[in-house]
Amino acid sequence: MMEKLLRNIVKASAKLYWNLIYKKKKELKYIPPSGKLLGYEELEKMIDASLDMWLTGGRFNNEFEEKFAKYMGVNHCITVNSGSSANFIALSSLMSYKLGDRQVKKGDEVITVAAGFPTTINPIISLGLIPVFLDCEIETCNIDSSKIEAAITPKTKVIMLAHTMGNVYNLGEIKELCRKYNLWLIEDNCDALGAKYKGELTGTIGDIGTFSFYPAHFITMGEGGAVITNNALLNKIAKSYRDWGRDCWCDPGHDNTCNCRFEQQFGKLPWGYDHKYVYSHVGYNMKITDWQAAIGLAQLKKADKFIQKRRENFNLLYKKLSDLKDYLILPSIPSDSEPSWFGFLITLKKTCNFTKQEMVEYLEKNGVGTRQLFAGNILRQPSFVENDIQLRINNSGILHSNKLTEEDFKSLPNTDYIMNHTFWVGIQPSLGENEINKTSGLIHSFIKAKM
């Protein structure tokens, strides 16, 4: 009774502190393209977790994994320390010997795109697989799915793609190709929490879905991510990779969940070797803490509200920029999909008498934050130019990243166009009509001055 009373006093004090220090909304002199939106609930939850004095994943993490799986409508969820780790674990899991004939092996190919975030692609390289880069559609900045089948070879085993800025790629066609050629599909859903295809949440349609809870994303833990699946075996494998590669599935602080801790044979170890120290995969420690999970629980309750506010901001900005379609290519929404917008993509038309650089510098100078579409064309980044990375472009043979020529880049014309002409601005839920009006007004002012 005393512990509960003291805990409630501390939590009430946290709410009072938040109301005094953080509640008043400050006027934004600079409109950030992304950011978190926190209330007293997150502070209360974090303090509640601190009072447990449990330093790793515990009751809050278990609750978050259960509730996030339920929110997404899947059977399994494991939390990880970032969206990048989620992608790494998702792809690593497909390389487990426990998958038998469906095991992905070094030298196999993974279809992806060059216009996106590096850590959708980096696990492919790190794990000894061959990335196969296809071009994008300019209107959606997603993969041109019509080019996928021609790029498939006997070595192709996985399609790994992000839903760009929360806009849904052609899941119907891609799922059919995965079925036809027995391919795995990893949905990088880090920028698309709440998006739907034919009424189903993205991230649940492929074999594995990945999420990021970095402050820029839909809900945050500060740092953190998740891997979800309906496949019990993939979930068990993913958890092994997250937990040092161990074979044991006991939660931290628990022993002998299987009731045969000292009664099994593994590898060439002595019979009865402690199951807690048996490692079935080459894994790492990629877990989160209970503090992070506690924040995530408070944020998850607000997820629908955050997603709806992003959609409202997107729709308002789209409406206000619609009269500029002689100059701007605004995002196109594929049929059968309901995007969940991470940001608002703006692409300049070829006929513009100004550059993306000029517009971006004008917006930044006048208090509107902008961002590139991440790496642009990642094949032009120093990480590729300065390293010898094996890859394919469309249906080419094996190429080497440090020997690519301008002729090679001609195979990805839309990717280069996006790199040179596309950027995005914020529609995050902390922004309101005033901020959207300012963003629209500055874009109009800039173009009018160039006319």
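**Close-up 1. The second largest cavity of this predicted model is lined by residues that include no charged ones.** By class, the lining of the second largest cavity holds five nonpolar and three polar residues. These lining residues are N189, C190, L193, F211, S212, F213, H217 and F218, and the space that lies in this second largest cavity comes to about 40 Å³. Counting cavities of 30 Å³ or more gives two for the model.

**Close-up 2. The largest cavity encloses about 40 Å³ of space.** Its lining is made up of G35, K36, L37, P215, H217, F218, I219, T220, Q299, F306, R310 and P429. When the residues of this lining are divided by class, six are nonpolar, four are polar and two are charged. H217 and F218, which appear here in the lining of the largest cavity, are also listed in the lining of the second largest cavity.

**Close-up 3. The second largest pocket, with a volume of about 520 Å³, is lined by residues from helices and strands.** There are 34 residues in the lining of the second largest pocket, and those that lie nearest its centre are F117, C190, D191, H217 and F374. Two or more lining residues come from each of helix 4, strand 2 (109-113), helix 5 (118-126), strand 4 (156-162) and strand 13 (370-372). Divided by class, the lining of the second largest pocket has 15 nonpolar residues, 15 polar residues and four charged residues. C190 and H217, named here among the residues nearest the centre of the pocket, also line the second largest cavity.

**Close-up 4. Helix 4 packs against helix 5 at an angle of about 40°.** The axes of helix 4 and helix 5 lie 9 Å apart, and the two helices are therefore oblique to each other. Where helix 4 passes helix 5, the crossing is right-handed. On the side of helix 4, the contact is made by S84, N87, F88 and L91, while helix 5 brings T119, T120, P123, I124 and S126 to meet them. By class, this contact of helix 4 with helix 5 has four nonpolar and five polar residues, and no charged residues. Both helix 4 and helix 5 are also among the elements that give two or more residues to the lining of the second largest pocket.

**Close-up 5. Helix 4 (residues 83-93) also crosses helix 8 (residues 232-242), at roughly 125°.** The axes of helix 4 and helix 8 come within 9 Å, and the two helices are therefore oblique to each other. The crossing of helix 4 and helix 8 is right-handed. Helix 4 takes part through I89, S92 and S93, and helix 8 through L234, I237, A238, Y241 and R242. Sorted by class, the contact of helix 4 with helix 8 consists of five nonpolar residues, two polar residues and one charged residue.

**Close-up 6. Helix 1 and helix 2 pack at an angle of about 145°.** Their axes are 9 Å apart, and helix 1 passes helix 2 in a crossing that is right-handed. From helix 1, the residues R7, V10, K11, A14, K15, Y17 and W18 meet Y40, L43, E44, I47, D48 and L51 of helix 2. The residues of this contact of helix 1 with helix 2 comprise eight nonpolar and five charged ones, with no polar residues.

**Close-up 7. The largest pocket holds about 990 Å³ of space.** It is lined by 31 residues, and the closest of these to its centre are W18, Y22, K36, L37 and L38. Helix 1 (2-21), helix 2 (40-51) and helix 10 (303-321) each supply at least two residues of the lining of the largest pocket, and helix 2 gives the most, with five residues. By class, the lining of the largest pocket has 15 nonpolar, seven polar and nine charged residues. W18, which is among the residues closest to the centre of the largest pocket, is also one of the helix 1 residues that meet helix 2. K36 and L37, likewise among the closest to the centre of this pocket, are listed in the lining of the largest cavity too.

Definitions and conventions: Residues numbered from 1 in each chain as written. Predicted model: local features only at pLDDT ≥ 70, side-chain atom pairs only at ≥ 80, totals over all residues. Heavy atoms only, no water. Axes fitted to C-alpha atoms, helices over the stretch in contact; angles between N-to-C directions. Helix = DSSP H or I, 4+ residues; strand = E, 2+ residues; numbered from the N terminus. Parallel < 35°, antiparallel > 145°, perpendicular 65-115°, else oblique. Left-handed = near helix turned anticlockwise from the far one by under 90°. Contact = heavy atoms within 4.5 Å. Nonpolar A, V, L, I, M, F, W, Y, C, P; charged D, E, K, R; others polar. 1 Å grid on protein atoms, 1.4 Å probe; cavity = no way out; pocket = protein on both sides within 12 Å on 5 of 7 lines; lining within 4 Å. Points joined across faces, edges and corners; volume = space filled by probe spheres on them.
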